[in-house]
Each structure stands twice: as C-alpha cells, then as structure tokens.
Amino acid sequence: MPHLPSVEFLQLTRCNELLLMSIMAYTAITVLWIGGFPEMISFPEGLLKNLTLIKDLYIHHCPKLKSLSKDVHDLPAIEKLVLLNCGEVESLMEGVRNLTSLKYYHVKECNHLTSLPDEGFQGLTSLQDLFIQHCGNLRSLGEGLQVRHLNSLVFLFVRDCPELAALPESLFNLTALKTLRLYELPKLASLSEEIGNLASLEELEIMDCPHVLSLPASLQKVTTLQSLIIDSCPTLERRCAKEEGEDWYKIAHVPVIVINGQCLQEVQTRSIWLPPDDNFVKLNFDGSYNPFTHDAGIRGIIRSSAGTLISAYSWKLVTDKALAAEIQALLKGVGVYIVDGLQNIIIEGDCLTLIDSLRRFGTLTWDVMVIWRKLILALTRIPRWEVRFCKGRET
C-alpha cells in the first residue's frame, strides 16, 4: 500500500499477509477493520505494536482465528471491540481482558462459543455496552459478569442464542446496569428473583422468549424502571394484562409498558435535559415525516455540559421514509459538529431503530442505505461518540 501516515480509518479484507503487515506503518489509525482471512490462526506478531491510537477494532470472518496479537494488551486507547464470525472466540475473549479503556464490546455470529469465559471480563472496568448476538451454541454466560469487573456496564443485549437456558446470578448484581434486552432466547426459562438487585435498571425488554412464564416478584423493588417491553412471549403477555393479569402488580409502577406492540400504560413524566460529562457535548436530534405530502422536517441542538447552546438547526426537506428523515436529522447535526471542530459527543434521539443500528454498527434496509453510509462515514471522522435512546423527551 502507499505510505499515507495520516490515515485514520483503514479496512483490510481478503488480502495477503504481506499487505496485512503493512498496516504497522500507519501509526495514525484510530479505526481498523480486519476480516476475511479464512485460514488465519493468529495475528502476525507485532501487527498492532505501533498502532497505539486505535480506538475502534473490528475483527470479522476469521473462522480459525485462535489468538490476537499480544500487542492488543498494549492498546491504551481502544474503546470499541467487535468480534464477528470468529471461530475460537472464547480464547480471543480471554486475550483482551485488562483493556481498561474498552467501552463497547460486541460478539456476534460466533457459533463455536459455548460459554463466556469467566476470566474474559477481568480488568474491563470502563466497559459500558456489551452485545452477545447470534451465537448458536452459546449455553452459558458463565460467571464472569461480575460487578467487581464490570462496575461501569450500563447496557446488556443478548439476542438469538437458542441454546441459552438460564442467566447467571452474577448478572443481577450489576448495579450500574440501566438497560437489559433479552431477544430470541427460546430456551430461557425464567428470570431470577435477584433482578430486584438491579438498582439502576431503567429499561427491560423481553422479546421472543416463549418459555419465560412469569416475572419475578422482586421487580416491584426496581423503582428506577422506566419502560418495560414484552413481545412474542404468550404466557407472559397474558400474565401482564393491565389490572387483571397475575403479574400486573409487579409492574404497575413502571411508567411505560408495551405488550405485544400495544401500549398498556404511559405515565407522562416531566421532561428534563441531563447534561453530558465535562469533556463531552450533547446532540439531540429529531426528524418528522408526513406520509401524505412526503414533507419532512429535521432539527437538532448541540449543548455543552454546562447547558450552553453551541449550535442549533432546523430544516425542511422532501423524502419518502420516516427513517430517512431521522438519519438526515442526525447527519446534519454530525456535519455541524465536524465543522465546529468539537471532540467528544453524546448523540441522543428517540428513533430506536436508528439508535440500535448505531450501537451495533449494523446495517439498515436497502431503501435508506445511501444516506446511512454517508452517516457512518461522517461518524468515522469523530474521535469519540456515544449514542443514547430517549423516549420522546430529552434526557
């Protein structure tokens, strides 16, 4: 490759090892994608040694990969790690412990994984978001989800793990956890009464878990819970029927309750804007769409941690999708952010589809793919960003 020392974003897929080794010269890289190496067992020694500025590392489609370079332990700035379709992922996970700056950890489509390693989370004291998705043979989350290791974890998403039958007791001691999402877990049989220990829990979502037959009585103690969403859990849906279901008394205190797409309860709470940390600014964005006229409006506001207005925008446009309006609203705000030369940003909006896709660094439907790619490209120019969902209010 040509020598471009200022390159910050680099993606290498299905190339030879010689080309892979050339990344050692790109010391300014902050975002690195490596994938499509079907025969690679381990990273070449020294591959990441000089890449000390890496913040986001994506490793995908390396089905025989058993170990990462030892240099991973010496990446002081890494904040996001994604392991997608990697064979010996258990040993990989053990190899990244003690990454004290890691905030986002995503394990997806790793079908050789049967259990999360108990030692795999040691030292991840800054970890905030953990995603475990589409791991067909995962039977246990292990006992590694300990509060002494994960005292900053606020978001846990477990999805499409058809062999997972139970959640570890240690999970329910994660006192900082705010969002717990359990999707497509057909063998999951129950939730522990220990859920009452989740003193910070604000969002609980249970979808397509048909063998979860009731909610724990201790859920009454979780007074921080702001929203409960249940879908495709037939017995649970019946037991949570408003005023009549056997479990209603356990959840009646929750302001927002949505069962199988129907809002059973929505208690209006006072809108309040919560400031970001001192070294962040916050972008609140929103898009609106009229399906009859195809008119859309976008707006956003950027404020400092002190609440001082930095920038605001409002714009009209024509589109054919409500989701496209939301993406345009965010893209406009990101563009303003880049022009103003700001550093760290919290992105907050009420479009759950968009927020989830950004958290997963996933894809959206083909009809918004062009504008989605523009947004992802723009976000790669931002040193550090986080996304949060707010339900129809600034939080």
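Let's start with Glu194, which comes out as partly exposed, at 33% relative accessibility. To find Glu194, go to the loop between strand 8 (179-183) and strand 9 (203-207). What does Glu194 touch, once we leave aside its neighbours within four places in sequence? The contacts are Glu169, Phe172 and Ser218. And here's a distance to try on your own screen: from Glu194 to Leu177 is 13 Å, C-alpha to C-alpha, with the two positions 17 residues apart in sequence.

I should say right away that what you're looking at is a predicted model. The mean pLDDT of the protein is 84, and 91% of its residues get to 70 or more. Which element has the lowest mean pLDDT, and which the highest? Among the elements, helix 2 (residues 89-94) is at the bottom with 69, and helix 4 (residues 248-251) is at the top with 95.

Okay, on to the sheet. There are 12 strands in it, and the sheet is open. The order is easy to remember, because you just count: 1-2-3-4-5-6-7-8-9-10-11-12, with mixed pairing. So which strands stand at the edges? Those are strand 1 (9-13) and strand 12 (262-266). Each has a single partner strand, so one side of each is left without a neighbour in the sheet. As for the turn between neighbouring strands, that's 5 degrees on average, ignoring direction.

Let's walk in from the strand 1 edge. Strand 1 pairs with strand 2 (residues 31-35) in the parallel sense, over five bridges. If you want a pair of residues to look for there, take Gln11, which sits opposite Trp33 in strand 2.

Keep Trp33 in view, since we meet Trp33 again among the contacts of His60. His60 itself is in strand 3 (residues 56-62). Is His60 buried or exposed? It counts as buried, because its relative accessibility is 12% and the cut-off for buried is under 20%. Besides Trp33, and again leaving aside neighbours within four places in sequence, His60 is in contact with Thr13, Ile34, Gly35, Gly36 and Leu84.

Next stop, strand 4 (residues 80-86). How many of its seven residues are buried? Six of the seven, so this strand is mostly covered. Strand 3 and strand 4 run parallel and are joined by six bridges. Leu57 is the residue opposite Leu81 in strand 4. Then strand 4 goes on to strand 5, parallel once more, with five bridges. Over there, Val82 has His106 of strand 5 as its bridge partner. One general point while you have the strands on screen: in a regular strand the side chains alternate between the two faces of the sheet.

Now for the rings. How many aromatic pairs are there? The count is seven. One of them is Tyr104 with Phe131, a tilted pair, with 5.2 Å from centre to centre and 35 degrees between the planes. Tyr104 is in strand 5 (residues 104-108) and Phe131 in strand 6 (residues 129-133), so this pair links distant parts of the chain, 27 residues apart. Both Tyr104 and Phe131 are buried.

Phe131 also pairs with Phe157, and that pair is edge-to-face: 5.9 Å centre to centre, 70 degrees between the planes. Since Phe157 is in strand 7 (residues 155-159) and Phe131 in strand 6, the pair ties together parts that are 26 residues apart in sequence. Phe157 is buried, like Phe131. Step back a little and you'll see that ring pairs link Tyr104, Phe131, Phe155, Phe157 and Tyr183 into a cluster.

Last topic, the cysteines. How many disulfides does the model have? The count is zero. Let's check with Cys233. Its closest cysteine sulfur is in Cys209, 5.1 Å away, which is too far for a bond, because a disulfide needs the two sulfur atoms within 2.5 Å. Cys240 is in no disulfide either, and the nearest cysteine sulfur to it, that of Cys233, is 9.2 Å away. How accessible is Cys233? Cys233 is buried, with a relative accessible area of 0%. Cys240 is buried as well, and its relative accessible area is 0%.

Key. Residues numbered from 1 in each chain as written. Predicted model: local features only at pLDDT ≥ 70, side-chain atom pairs only at ≥ 80, totals over all residues. Heavy atoms only, no water. Buried < 20%, exposed > 50% of the residue type's maximum accessible area, 1.4 Å probe, protein only. Pairing = 2+ DSSP bridges. Helix = DSSP H or I, 4+ residues; strand = E, 2+ residues; numbered from the N terminus. Axes fitted to C-alpha atoms, helices over the stretch in contact; angles between N-to-C directions. pLDDT = per-residue confidence, 0-100. Contact = heavy atoms within 4.5 Å. Phe/Tyr/Trp six-rings, centres within 6.5 Å; stacked < 30°, edge-to-face > 60°.
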